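Please open the model in a viewer and keep the sequence panel at hand. The stops below are given in the order in which they may be selected.

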Amino acid sequence: MASIPDQGTGGFRVSQLLYDTRYRSTTIQIIALILILLGIGWLINNTIQNLDALGKEPSLKFFGEPASYDINQRLVEYSSRDTHLRASFVGLLNTLLVAVLGCITATIVGVFVGVLRLSNNWLIARLMTVYIEAFRNVPVLVWILIVFSVMIETMPKPSAFRNGEASMLFNESLAITNRGIYTPAPMFENGLGSIRIFGESSLRFDLSLTFLAIAALFGVCFFISRKIKQRADRIQNETGDRPTTWYLRLGVLVVPMAILLWVLGLGWNFPELKGFNFKEGIHLRNSLLALWIALSLYTAAFIAEAVRAGIMAISKGQTEAAYALGIQPGRTMSLVILPQALRVIIPPLISQYLNLTKNSSLAIAVGYMDITGTLGGITLNQTGRELETILFLMLTYLAISLSISAVMNWYNNRVKLVER
Amino acid sequence: MADTSYVRTEMLPEQAPPPSTIGLIGWFRQNLFNGWANSILTLLALYFIYVVLKAIVPWIFVPSWSGNDVHECRALVAAAWGEGHHGACWGVIRERWVQLLFGFYPKELYWRPILAFILLFVALAPILFASVPRKLLIFSAIFPFLMVWLLWGGTLWLPISVILGFVIGWVLFKATLEHAGALIANLLLILAPIIWWLTACGGFANLMHGIIPIGIEPVESAKFGGFMLSITIGLVGIALSLPLGILLALGRQSDLIILKAVCVGFIEFIRGVPLITLLFVASTLLNIFMPPGTNFDIILRVIIMVTLFASAYMAEVIRGGLAALPKGQYEAADSLGLDYAQATRLIIMPQALKISIPGIVGTFIGLFKDTVLVSIIGLLDPVGLKQTINGDVAWTGLNWEIYGFICLIFFIFCFGMSRYSMYLERKLATGHH
């Protein structure tokens, strides 16, 4: 409102609340606020009356009651005697698991496809276009169900391994069946044990000190490796010659890790066919696999489009300049084009990560027990507490979404600062 | 001066380009086999295509169209291609494609959804093509009500009564604009229809129906299904979310802190939760939020939640359009002495909406695809119908034929719309330079 306020003579009049631009916006806001509060109050009033009529006092007590249902794919120990809160926690971890796995694979596939779609190779570019259009134009739920059906119908039954119709891959260590994939599980003879976080509460989980040690060592080695690279960069800047460092960097990463694994006594627990099914090893259920694969491929199609748009946003002069300097096409892409395109790619990438995480709630269609399947599925049906469970479900997703966008926006800002 | 010349005096005749750079061979060398890496990629791709086609083509091209159940299909395939040949059972599509399109909608009333679908294009024409007479926009405005009436049937007075709400709002707006000022007029424009719908709308329709009964046979929501359901939810959702999205986008852009906070909170909340949780709200909670005793239709509940969902995304699309407008447009409107409502209605929105059309189409594609989620809360959209079809003993265990059909229809719709939106983007991009 770029008008000059009327300089009214005399005192304040009520009509000024409406016609004086100094007060009008406040008036509008207060009226709007009152209307909104009235609306919310009306909804809450209705809810209270309805819940009263149904005899359901809003309470969160049900979280402490035993859940009495099983969750077959889980990251932490859980039994049907545990509470509903524990079941929701297991579900939350499952949601995060498939979201993280999906984001990683979707990014890798998406970047590859996006780059290949711009390839000079006519056939490859066309193939990638077909892939992108096929996945973008069919609902993700249909893709999840299709991948799930493919796994169930085309993979061999565990019994087929008994009579030799199917065989395990990689020297009897990996079995692909219609119940999922069985992989070897790492075992440590001299493991460091684990500590229990959060005592006996519903959010307890065992933090394996062995894995913590491996992760810590990897972090340190990675840091040293980076230092070596930075030193090489410095020498190259000063003298023009780059010292050969690949064996140093590789050694720093591999040797300490190998020693640590040897000290810990790494062994593998191979899956074995016992009775009608495989035992031991790690069992990735086909519900998890179907969800993971379908979400990754679906999101990768969108990421590929974002990557393509990002690359095309970089002026052709950059490529030509890199070629003029004698840089190979592959390195031009990885050293010149992609780092610049990253700036354009990251914002749509953030929203694709968010979409993938939200779409992971479709797990309920294939029976993967994520938080929608536990809290919003069986817990809701068993306790009949629609209001509380759905509210908590939404708040959980909201918290996840906000965390992802916070982290990614932080990264986005960091990349921007470095670039400028 | 000697008559030796160092420069050629006549032109050399043009030579044909080397045979390896022209024609089919040249194209092959340039696009498929330039360099060994590319050649390997090409060969790998060819092998991949060969494997996929070898698996799919013999499966698709089988004469099982006339099979009446799974066993007949198998017999037909075996008769044509020999025992042990895996082939599709197209009989299920022959028998059930109508059901996949219309659900359990009464057969003798199919003309109603078909007519609605045809009229949809008439209604869309003035929005999509500038050359169509502007008068048709009136039909576009009426169409949503017409469509709902055609699909659900019942008395004609109900849609008229709903439209009357808008008319009342507009009349009050015009009447009070002169005497009470723009603020009150705008407030009445929004509040009067809401009050009308909540209090008198149904009563008026009943009353009028009692006096002059005009109507067509009503169809209950439980009979809706298939792509008709998906399209209905998608279309109604997008049409209703457009005005809501505009209001939210304006609210988000405004200087009024409380309004802005409410709009931002709503948009971010909706965008932060998955649609399936909102559908759970529709299926279990929405009745609890309403006055005791209300029990309205599941499709209507789904449409309400889908509308809220889409309006948050729509608001972001329109906000993009608003942000893309040059600041000069706002300033020019101010300098002409237009107030906020006038400037928005006459200057800002027409331009911002035009820029946003590709984004709106994109939102619609997303919403249309997301409508399959209603199968999770038990509605019979195409995915939900698949389970119904599999429940029939004749067609039990058939997956790929039905999924293939569903994918094909979705692909045709979504691909067509996305191509259209790309065409529009190009057209708009040239129009703005």
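Leaving aside its neighbours within four places in sequence, with which residues is B:W196 in contact? Beyond that window, B:W196 has contacts with B:G165, B:I168 and B:C201, a contact being two C-beta atoms, placed from the backbone, within 7 Å.

The model is predicted: local features need pLDDT of at least 70, side-chain atom pairs count only at pLDDT 80 or more, and totals for chains, interfaces and linings use all residues. Residues are numbered from 1 along each chain as its sequence is written, while chains are lettered from A and ligands numbered from 1 in the order in which they are written.

**First stop: B:W196.** Select helix α8 (residues 182-199) of chain B, in which B:W196 lies; helices here are DSSP runs of H or I, at least four residues, numbered from the N terminus. B:W196 counts as partly exposed because it has 19 C-beta neighbours inside 10 Å (20 or more is buried, 12 or fewer exposed, and in between partly exposed). Then add B:L41, which is 155 residues from B:W196 in sequence and 66 Å from it in space, C-alpha to C-alpha.

**Second stop: a helix pair in chain B.** Select α5 (residues 111-128) and α6 (residues 136-152) of chain B, whose axes come within 8 Å and cross at roughly 160°. The axes are lines fitted to C-alpha atoms over the stretch in contact, with angles from 0 to 180 degrees between N-to-C directions. That angle makes α5(B) roughly antiparallel to α6(B) (over 145 degrees). Residues to display include B:L115, B:L119 and B:V122 of α5(B), with B:F139, B:F143 and B:L146 of α6(B).

**Third stop: the nonpolar cores.** A nonpolar core is a set of buried Ala, Val, Leu, Ile, Met, Phe, Trp, Tyr and Cys residues joined through C-beta atoms within 7 Å. The largest has 150 residues, and among those that touch the most other members are A:I144, A:A294 and B:L279. Helix α10 (residues 286-313) of chain A gives the most to this core, with 18 residues. Leaving aside neighbours within four places in sequence, A:A294 is in contact with A:V140, A:W143, A:I144 and A:V147. Apart from the largest core lies another, of seven residues, including B:M147 and B:W149.

**Last stop: between the chains.** Select the contact of chains A and B, which takes 50 residues from chain A and 46 residues from chain B. On the side of chain A that touches chain B, α2(A) gives the most, with 13 residues.

Notes. Helix = DSSP H or I, 4+ residues; strand = E, 2+ residues; numbered from the N terminus. Parallel < 35°, antiparallel > 145°, perpendicular 65-115°, else oblique.
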